[in-house]
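Here is a quick briefing for anyone meeting this structure for the first time. Have a look at the model, then read on for the main points.

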Amino acid sequence: MPMEGSILLDHGAGGKASAELVGGLFAKHLGNEVLGQMDDAAVLPRPTGRLAVSTDSFVVDPIFFPGGDIGSLAVHGTVNDVAMRGATPLYLTVGFVLEEGLAIADLERVVASMAAAAKEAGVKVVAGDTKVVGRGQADKLFINTTGIGVIPEGLTLGAAQAKPGDAVLVSGTVGDHGVTIMASREGLGLDAPIASDSAPLNHLAAGLIKACPGLRTLRDPTRGGLATALNEIAALSGISIELDEAAIPIDPAVGGVCELLGLDPLYLANEGKLICIVDSEQAPAALNAMRADAHGKGAAIIGRCGGERAGRVWINTSVGGRRILDMLSGEPLPRIC
Ligand code: MG
């Protein structure tokens with residue numbers, strides 16, 4: 001039976017109402033043998049290999065949007081950050097800040113969505129916390145997730161590892177998440193078939209690692225989009241990057257909405273895409289590995305790394321020009337994730 005009613009301050013007080021919420025909702029969807037210990041801290045077996053840890057808070061507005069919701073996003077965002085270092089994500093912790101008055105049915109929908117996302121990614125929620133704040137002191141709900149994964153011996157992936165001559169790939173269309181959030185928030189009533197790309201990328205990353213010993217960098221271009229993530233890689237690796245605009249995959253519907261709203265999809269957030277930098281000889285293998293995964297069907301080779309003008313990202317435009325692609329400046333869209 002789904003729980004009814006709305007969140008009261010009582011639900012965060014640690015008493016009977018809290019216990020009902022934990023048992024009737026959180027444990028029902030996220031429960032496992034570790035979470036079931038219900039003790040002050042989860043006790044986990046010692047893993048082999050180095051640990052990768054990442055934490056992120058999710059405040060996306062609206063909490064439900066085409067292609068996902070704040071719950072699945074909170075799992076995907078953290079799983080993907082852990083996976084970008086080559087780690088196999090194993091565990092998540094989850095902290096909720098709930099606003100008094102939130103419909104319990106909405107909370108349950110979010111938690112069920114988290115459970116499905118965690119299942120697809122193959123991670124367990126091993127610790128959790130819930131706090132309730134009064135009306136107007138938060139907006140419906142905020143979620144923090146921390147992810148823990150293990151990195152196999154000998155693997156060193158990172159944004160500082162790209163080398164001149166390497167190939168630059170992206171796993172699919174860019175800008176989908178950002179444009180979807182903007183369109184749903186503004187109630188634009190667009191008929192365009194757009195949806196967030198929110199997805200777990202750990203299986204795709206594992207396939208790439210297996211297929212390409214010459215893999216250097218994986219990075220998920222979230223806030224700031226593809227352009228900003230590539231600028232970060234160029235700066236950290238001390239290289240330049242040259243992109244071919246025509247090779248960058250953009251969904252026609254997303255491109256259309258961007259044109260309408262005056263947005264550049266290269267600067268919009270993605271939540272289910274990764275940038276892959278690899279030894280150019282292994283670019284075809286990387287492309288095949290990505291396309292073999294459900295979340296990498298639209299993968300493409302979009303450019304190359306160079307040794308001149310370290311830190312710069314250039315783009316060869318579709319009309320035959322060449323310009324600098326800078327980092328995002330300012331925050332065009334707060335509460336995107
Ligand atoms: Mg990231």
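How many salt bridges does a search of the whole structure find? The search finds 15, where a salt bridge is a side-chain nitrogen of Lys or Arg within 4 Å of a carboxyl oxygen of Asp or Glu. Keep in mind that this is a predicted model: local features need pLDDT of at least 70, side-chain atom pairs count only at pLDDT 80 or more, and totals for chains, interfaces and linings use all residues. Residues are numbered from 1 along each chain as its sequence is written, and side-chain values use heavy atoms, with hydrogens and water left out.

**The magnesium site**

- Asp81 (OD) and Asp220 (OD) coordinate the magnesium ion at 2.1 to 2.2 Å. Donors here are N, O and S atoms within 2.8 Å of the metal (3.2 Å for Na, K and Ca), and water is not among the atoms, so sites may look incomplete.
- Aspartate 81 sits in helix α2 (residues 70-83) and aspartate 220 in the loop between β8 (215-219) and α6 (225-237), so the two tie together parts that are 139 residues apart in sequence. Helices (H or I, at least four residues) and strands (E, at least two) are DSSP runs, numbered from the N terminus.
- Aspartate 220 is buried at 10% relative accessibility, while aspartate 81 is partly exposed at 25%. Buried means under 20% relative accessible area, exposed means over 50%, and partly exposed is in between (1.4 Å probe, protein chains only).

**The four-strand sheet**

- One open sheet has four strands in the order β1-β6-β4-β5, with mixed pairing. Two strands count as paired if DSSP finds at least two bridges between them.
- The edges are β1 (50-58) and β5 (124-133), each with a single partner strand, so one side of each has no neighbour in the sheet. From one strand to the next, the twist averages 10 degrees. For such angles, axes are lines fitted to C-alpha atoms (for helices over the stretch in contact), and angles run from 0 to 180 degrees between N-to-C directions.
- Strands β4 (residues 88-99) and β6 (residues 141-151) run antiparallel and are joined by ten bridges. Valine 94 faces threonine 145 in β6, and proline 89 has glycine 149 of β6 as its bridge partner.
- β4 and β5 run parallel, with nine bridges between them. Phenylalanine 96 is opposite threonine 130 in β5.
- From β4 the chain crosses through α3 to β5, and this β-α-β crossover is right-handed. That means that, with the strands pointing away from the viewer, the path from the first strand over the helix to the second runs clockwise.

**Helix α3 and its salt bridge**

- Helix α3 (residues 104-121) has 18 residues and spans 26 Å from its first C-alpha to its last, close to the 26 Å expected at 1.5 Å a residue. The expected span is 1.5 Å times one less than the number of residues.
- The buried residues of α3 include Ile104, Leu107, Val110, Val111 and Met114. Right after α3 comes glycine 122, which has a positive phi near 80 degrees.
- Glutamate 108 and lysine 28 form a salt bridge, with their closest N and O atoms 2.8 Å apart. Glutamate 108 belongs to α3 and lysine 28 to helix α1 (residues 16-30), so this pair links parts 80 residues apart in sequence.
- Glutamate 108 is buried at 7% relative accessibility, whereas lysine 28 is partly exposed at 44%.

**The seven-strand sheet**

- Another open sheet has seven strands in the order β8-β10-β7-β11-β9-β12-β13, with mixed pairing. β8 and β13 are its edges, each with a single partner strand, so one side of each lacks a neighbour in the sheet.
- The twist in the seven-strand sheet averages 25 degrees from one strand to the next.
- β9 pairs with strand β11 (residues 300-306) in the antiparallel sense, over four bridges. Here glutamate 242 is opposite arginine 304 in β11.
- Arginine 322 and glutamate 242 meet in a salt bridge (3.1 Å, N to O). Arginine 322 lies in strand β13 (residues 322-324) and glutamate 242 in strand β9 (residues 240-244), so the pair ties together parts 80 residues apart in sequence.
- Salt bridges with shared partners join Glu242, Asp244, Arg304 and Arg322 into one network.
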